[in-house]
Amino acid sequence: QTKDMAKYLGHGLLTAEGELWKKQRKLIQPAFHKKQLAGLLDKVKAAIVVELDKIRTDAPMDIFPVFNDLAFQTVVKSLFSAAVGQQEINRLQYITEAAQKMLVKELRQPYLGWYFKGFGKIKKHLDLTDEARQILKRLIEERKKSGERQDDLLDMLLEAR
């Protein structure tokens, strides 16, 4: 399962093992310091307020999309603050959700691996994942070039040594 997940996520903290995992864990640890988390809390609160405004109380509704958006917006705002446009956020969310669905299919239906490969389903989703990586690389490069601090997780990760 970890190998399947790594196809879409790369070899990061969730999929790495051994020394690579240990190195990445040490790099990200300062982001979980109480002071850093307190600073991110305002960004999380702002994302919650935006999503709460979408909830209608006068009629039944499917709450799953609201919570799904809330989770994604919280991660994006924590990582990139306000430095990412809504169009990029929407595209990253679409790609993330599509890749997650494909990963779940691969994990739950391993006997259909031949079908997923033969009909290009895996390639399609790996191409989407590559598009997301390109968007993220561009955002990181833009941040580096700007020299501006946003006091978000991206700043913390860029400063990690």
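How many helices and how many strands are there in the protein chain? There are eight helices and zero strands. Please keep in mind that this is a predicted model.

**Figure 1. The whole protein chain, built from helices.** Reading from the N terminus, you meet the elements in the order α-α-α-α-α-α-α-α. Measured out along the principal axes, the C-alpha atoms fill a box of roughly 55 × 50 × 30 Å. The chain has 161 residues, and 28% of them count as buried. Among contacts with a separation of 6 or more, 59% join residues 24 or more positions apart. The chain exposes about 11300 Å², with carbon and sulfur atoms supplying 59% of that area.

**Figure 2. A positive patch on the surface.** Here you can find Lys101, Lys105, Lys121 and Lys124, which together form a positive surface patch. Two elements, α5 (86–108) and α7 (121–146), each give two or more residues to this patch. Take Lys121 as an example: this residue sits in helix α7. Lys121 counts as partly exposed because its relative accessibility is 32%. For the wider setting, the protein chain carries 29 positive and 22 negative charges, and the mean positions of the two groups are 5 Å apart.

**Figure 3. A nonpolar patch on the surface.** Six residues make up this view: Ile48, Leu52, Ile55, Met61, Ile63 and Phe67. Together they have about 500 Å² of accessible area. Ile48 belongs to helix α3, which covers residues 34–52. With a relative accessibility of 33%, Ile48 counts as partly exposed.

**Figure 4. A salt bridge within helix α7.** The side chains of Lys123 and Asp127 meet here, with a distance of 2.9 Å from N to O. Why are Lys123 and Asp127 separated by about one helical turn? The reason is that they are four residues apart in helix α7. Is Lys123 buried or exposed? Lys123 counts as exposed, because its relative accessibility is 54%. Its partner Asp127 counts as partly exposed, at 43%. This pair belongs to a wider set, as the count for the model comes to 12 salt bridges.

**Figure 5. A salt bridge between helices α7 and α8.** In this view the side chains of Arg143 and Asp155 form a salt bridge, at 2.8 Å from N to O. Arg143 lies in helix α7 and Asp155 in helix α8 (residues 153–159), so the pair ties together parts that are 12 residues apart in sequence. Are these two partners buried or exposed? Arg143 is buried, with a relative accessible area of 6%. Asp155 counts as buried too, at 4% relative accessibility.

**Figure 6. A salt bridge from helix α8 to a loop.** Glu159 and Arg149 meet through their side chains, at 2.1 Å from N to O. Glu159 lies in helix α8 and Arg149 in the loop between α7 and α8, so this pair links parts that are 10 residues apart in sequence. Glu159 is partly exposed, with a relative accessible area of 48%. Arg149 also counts as partly exposed, at 45% relative accessibility.

**Figure 7. A network of salt bridges.** Which residues are linked in a network of salt bridges? They are Arg143, Arg149, Asp152, Asp155 and Glu159. You have already met some of them: the Arg143 and Asp155 pair has its bridge at 2.8 Å, and the Glu159 and Arg149 pair has its bridge at 2.1 Å.

Note on methods: Residues numbered from 1 in each chain as written. Predicted model: local features only at pLDDT ≥ 70, side-chain atom pairs only at ≥ 80, totals over all residues. Heavy atoms only, no water. Patch = residues over 30% accessible without salt bridge, like charges linked within 9 Å, V, L, I, M, F, W, Y side chains within 5 Å. Areas by Shrake-Rupley, 256 points an atom, 1.4 Å probe, with all protein chains shown as cover. Salt bridge = Lys/Arg side-chain N within 4 Å of Asp/Glu carboxyl O. Lys, Arg positive; Asp, Glu negative; His and termini not counted. Charge placed at Lys NZ, Arg CZ, Asp CG, Glu CD. Buried < 20%, exposed > 50% of the residue type's maximum accessible area, 1.4 Å probe, protein only. Contact = heavy atoms within 4.5 Å.
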